[in-house]
Amino acid sequence: MRIGLIGAGRIGGFHAGTLRAHPDVGELLVADADPGRARQVAAAAGGRALPVDGLFAARPDALVIASATAAHAGLIARAAQEGVPAFCEKPIALDLAGTVAALDTAEAAGAVLQIGFQRRFDPGYAAARQAVAAGRLGRLHTVRTVSSDPAPPPAAYVPLSGGLYRDCLIHDFDMLAWVTGRAVTEVYAAGANVGADFFRAAGDADTAAVLLTLEGGVLATATATRYNAAGYDVRMELAGTEDQVAVGVAARTPLTSVEPGAAAPPRNPWSGFLDRFGSAYRAEMDTFLRVARGVEANPCEGRDALRALLVAEACEVSRRERRPVPVAEVEAAARACRGDARGPALSGGRKGGVA
């Protein structure tokens with residue numbers, strides 16, 4: 001296969017290495033807003049650097065979009081119009097209007113679009129999903145998620161990121177629905193700024209907590225912070241009437257018990273998202289190549305990304321207005337973006353098999 005990769009930053013460089021090693025990839029074409037960076041990543045991966053127009057002119061069999069977020073929607077639309085199956089890192093766009101417009105374009109063209117929610121390909125999350133589906137926990141009543149970065153991102157990144165809810169917690173929002181099989185119906189969100197001033201200047205928070213209600217009355221909490229020098233800590237706990245399970249609790253989890261006789265802190269804690277989820281990213285890309293060839297169903301469609309974004313948008317409204325916000329309220333705003341007052345939910349169903 002001839003694969004196009006647009007975006008040669010940290011995650012783009014990681015994907016380039018994965019694609020270089022994949023037996024189904026015969027040629028890799030790399031483009032980036034910085035031509036020098038594209039040449040560097042292409043050389044390391046044995047590929048060829050091209051401008052974006054040149055990459056599309058080369059007629060790739062599939063496209064991986066790992067560019068800056070502002071370019072995602074336009075590249076999705078172009079790939080759809082040219083009939084190229086596309087994989088795109090989240091988010092599709094930073095606002096509801098841009099997300100809905102890009103999805104409408106892709107769906108009108110009948111295009112293949114897989115979204116990068118790599119946690120769906122992590123063995124721990126997949127096992128938790130199976131445990132819930134099999135009834136092992138009994139009646140599920142409580143879910144807790146934790147997302148802690150070891151250090152803040154660069155100041156220049158924050159205004160372009162979409163904020164802590166859209167950039168970081170959106171993965172937890174996707175996992176809440178995917179693991180439990182229940183949509184989030186309402187949120188109550190709070191945010192704090194206790195660190196660098198550039199978060200506040202961008203209208204963002206460096207620490208957040210959300211209380212979420214899921215279908216059937218299941219309660220969930222989701223917390224996130226940009227400050228956890230102990231390491232990269234991403235966990236999920238699910239509690240039911242019969243059992244409790246945890247994802248992300250392992251020898252490298254940067255969590256220290258102060259109970260007498262407890263194990264010592266990990267010597268090699270996870271350092272970041274590529275360290276923690278490297279195998280999941282590789283499995284995700286392998287699946288995309290099969291989806292692009294038409295031999296496997298898409299496990300993470302564009303509507304899945306919209307569903308998670310609706311929750312993140314509800315959190316932004318809740319934080320700003322200091323009130324509980326039904327996700328349906330934000331979904332109505334999304335329908336208004338397209339002048340669509342029809343009934344079916346834009347976010348679609350909660351389908352998708354265990355990766």
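## The cavity and its surroundings

In this predicted model, the largest cavity is lined by Lys90, Pro91, Ile92, Ala93, Thr99, Phe117, Ile170, Ala305, Leu306 and Leu309. The space in the largest cavity comes to about 40 Å³, and the structure holds one cavity of 30 Å³ or more. By class, eight of the lining residues are nonpolar, one is polar and one is charged, and the element that gives the most to this lining is helix 11 (residues 302–321), with three residues.

Two of the residues in this lining, Lys90 and Pro91, are joined by a cis peptide bond with an omega of about -10°. Pro91 belongs to the loop between strand 5 (86–89) and helix 5 (96–108).

## The largest pocket

The largest pocket has a volume of about 1,400 Å³. Of the 47 residues that line the largest pocket, those closest to its centre are Arg10, Ile11, Tyr157, Asp167 and Phe273. Two or more lining residues come from each of helix 1 (10–21), helix 4 (72–81), strand 7 (140–148), helix 7 (158–161), helix 8 (164–180) and helix 10 (273–293).

Which element gives the most to the lining of the largest pocket? Helix 8 does, with three residues. Sorted by class, the lining of the largest pocket is made up of 26 nonpolar, twelve polar and nine charged residues.

## Aromatic pairs and charges over rings

The structure holds six aromatic pairs. In the pair formed by Tyr232 and Phe277, the ring centres are 6.4 Å apart and the planes stand at 90°, so this pair is edge-to-face. Because Tyr232 lies in the loop between strand 10 (219–225) and strand 11 (233–240) while Phe277 lies in helix 10, the pair ties together parts that are 45 residues apart in sequence. Tyr232 and Phe277 are both buried, and for Tyr232 the relative accessible area is 7%. Measuring from C-alpha to C-alpha, Tyr232 and Ala251 are 13 Å apart in space and 19 residues apart in sequence.

Elsewhere among the aromatic residues, Phe14, Phe273 and Tyr281 form one aromatic cluster, and Phe273 is also one of the residues closest to the centre of the largest pocket. Two arginine residues place their charged ends over tryptophan rings. The charged end of Arg129 sits over the ring of Trp178, at 4.4 Å from the ring centre, whereas the charged end of Arg276 sits over the ring of Trp270, at 4.8 Å from the ring centre.

## Regions named in the UniProt record

An unreviewed UniProt entry places the feature "domain: Gfo/Idh/MocA-like oxidoreductase N-terminal" at residues 1–117. Within residues 1–117, helix makes up 44% and strand 21%, and the end C-alpha atoms of the span lie 23 Å apart.

The feature "domain: GFO/IDH/MocA-like oxidoreductase" is placed by UniProt, again in an unreviewed entry, at residues 125–243. Residues 125–243 are 29% helix and 34% strand, with end C-alpha atoms that lie 16 Å apart.

## Loop residues of note

Where in the chain does Arg59 lie, and is Arg59 buried or exposed? Arg59 is found in the loop between helix 3 (52–57) and strand 4 (62–65), and its relative accessible area of 45% makes it partly exposed, since that class covers the range between 20% and 50%. Although Arg59 is not a glycine, its phi is positive, at about 55°.

Arg322 likewise has a positive phi of about 55° without being a glycine. The loop that holds Arg322 runs between helix 11 and strand 13 (325–326), and Arg322 counts as exposed because its relative accessibility is 70%, where the cut-off is over 50%.

Asp204 lies in the loop between helix 9 (197–201) and strand 9 (207–214). With a relative accessible area of 5%, Asp204 is buried, because the limit for that class is under 20%. The C-alpha atoms of Asp204 and Gly191 are separated by 8.2 Å, and the two residues are 13 residues apart along the chain.

How values were computed
Residues are numbered from 1 along each chain as its sequence is written. This is a predicted model: local features need pLDDT of at least 70, side-chain atom pairs count only at pLDDT 80 or more; totals for chains, interfaces and linings use all residues. Side-chain values use heavy atoms; hydrogens and water are left out. On a 1 Å grid over the protein atoms alone, a cavity is a set of points where a 1.4 Å probe fits but cannot get out, and a pocket is an open set with protein on both sides within 12 Å along at least five of seven lines; lining residues have an atom within 4 Å of a point. Grid points are joined across faces, edges and corners, and a volume is the space filled by probe spheres set on the points. Helices (H or I, at least four residues) and strands (E, at least two) are DSSP runs, numbered from the N terminus. Ala, Val, Leu, Ile, Met, Phe, Trp, Tyr, Cys and Pro count as nonpolar, Asp, Glu, Lys and Arg as charged, and the others, Gly among them, as polar. Rings of Phe, Tyr and Trp (its six-membered ring) pair if their centres lie within 6.5 Å; planes under 30 degrees apart count as stacked, over 60 as edge-to-face and the rest as tilted. Buried means under 20% relative accessible area, exposed over 50%, partly exposed in between (1.4 Å probe, protein chains only). A charge sits over a ring if NZ of Lys or CZ of Arg is within 6 Å of the ring centre and within 35 degrees of the ring normal. UniProt positions are given in the numbering used here, feature names are shortened, and annotations may be inferred rather than shown by experiment.
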